[in-house]
Each structure stands twice: as structure tokens, then as C-alpha cells.
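Below are my notes on this model, as numbered points. Please read them with the structure open.

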Amino acid sequence: MSIATDLLRAHRVGIRDLKEHLTTKLLHEPLIITDRGTPVSVNVPYLEMMEFLDILDEIEDIETVMTIQEGRKTIKAGAKGIPVSRLFKKIRARRNR
């Protein structure tokens, strides 16, 4: 799953309900905050945001971008690979041990 897919599947809560029923459970998952049904804000758990920022930093590194491009070409040519989302799940699972 991609970050965008996770956000599309994220729980939606109205701003009034959020104010009245704020619990830490809500803060441990992606959350779309709405005002009269229109998304106005996104809450992303701290560790997920830090991972996202790490990804953005890596994207700025030209060597990393070139490595990713080479990997994509290799996979298109028939080599086996794993989706990045699965890799991130593995990393998260190791961190949570």
C-alpha cells in the first residue's frame, strides 16, 4: 500500500467529534479531520511521519534516486523484487520487537 492509499482508507472524523471524543487511540493511526464533510487536516502518527520525512530526504539524494530507477528497470526486465510498502512493513515490524 502507498501513503496515498493509506490516507484514502484512513478513518474520517468531524472536527466537532474530534474535540468531544479525542482519545489516544485516534492519534495512533492516520486520521482525516473534516469540517462539514470536507477534509481540512490530516493527523499522521509520529513514527510514520518520521519515516515519511526520511523518504523525502532520500529522494533528494541523487545516488538513491538512481538506485531506485535502476531497481525499477531491473524488475521490469523480469528480476524479482518486493514492493516498497512490504519493505517498510518489515522495517516497522523489526522496530517494534
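1. Glu63 lies in helix H4 of this predicted model. Its relative accessibility is 59%, and because exposed means over 50%, Glu63 counts as exposed.

2. Glu63 also belongs to a negative surface patch, together with Asp54, Asp57, Glu58, Glu60 and Asp61. Which helix gives the most to the negative patch? Helix H3, residues 46-60, does so with four residues.

3. A nonpolar surface patch of about 740 Å² is made by Tyr46, Leu47, Met49, Met50, Phe52, Leu53, Leu56 and Ile59. Of these, Leu56 is found in helix H3. Leu56 has a relative accessibility of 36%; this is neither under 20% nor over 50%, so the residue counts as partly exposed.

4. Helix H4 covers residues 62-76, which makes 15 residues. At 1.5 Å a residue the expected span is 21 Å, and the C-alpha atoms at the two ends are 21 Å apart, so the two values agree. Just after H4 comes Gly78, with a positive phi of about 115°.

5. Arg36 should be checked by eye as well. Its phi is positive, about 55°, although Arg36 is not a glycine. Where does Arg36 sit? Its place is in the loop between strand E2 (31-35) and strand E3 (38-43). Is Arg36 buried or exposed? The relative accessible area of Arg36 is 71%, so Arg36 is exposed, the cut-off being over 50%.

Conventions:
Residues numbered from 1 in each chain as written. Predicted model: local features only at pLDDT ≥ 70, side-chain atom pairs only at ≥ 80, totals over all residues. Heavy atoms only, no water. Buried < 20%, exposed > 50% of the residue type's maximum accessible area, 1.4 Å probe, protein only. Expected span 1.5 Å × (residues − 1). Patch = residues over 30% accessible without salt bridge, like charges linked within 9 Å, V, L, I, M, F, W, Y side chains within 5 Å. Areas by Shrake-Rupley, 256 points an atom, 1.4 Å probe, with all protein chains shown as cover. Salt bridge = Lys/Arg side-chain N within 4 Å of Asp/Glu carboxyl O. Lys, Arg positive; Asp, Glu negative; His and termini not counted. Charge placed at Lys NZ, Arg CZ, Asp CG, Glu CD.
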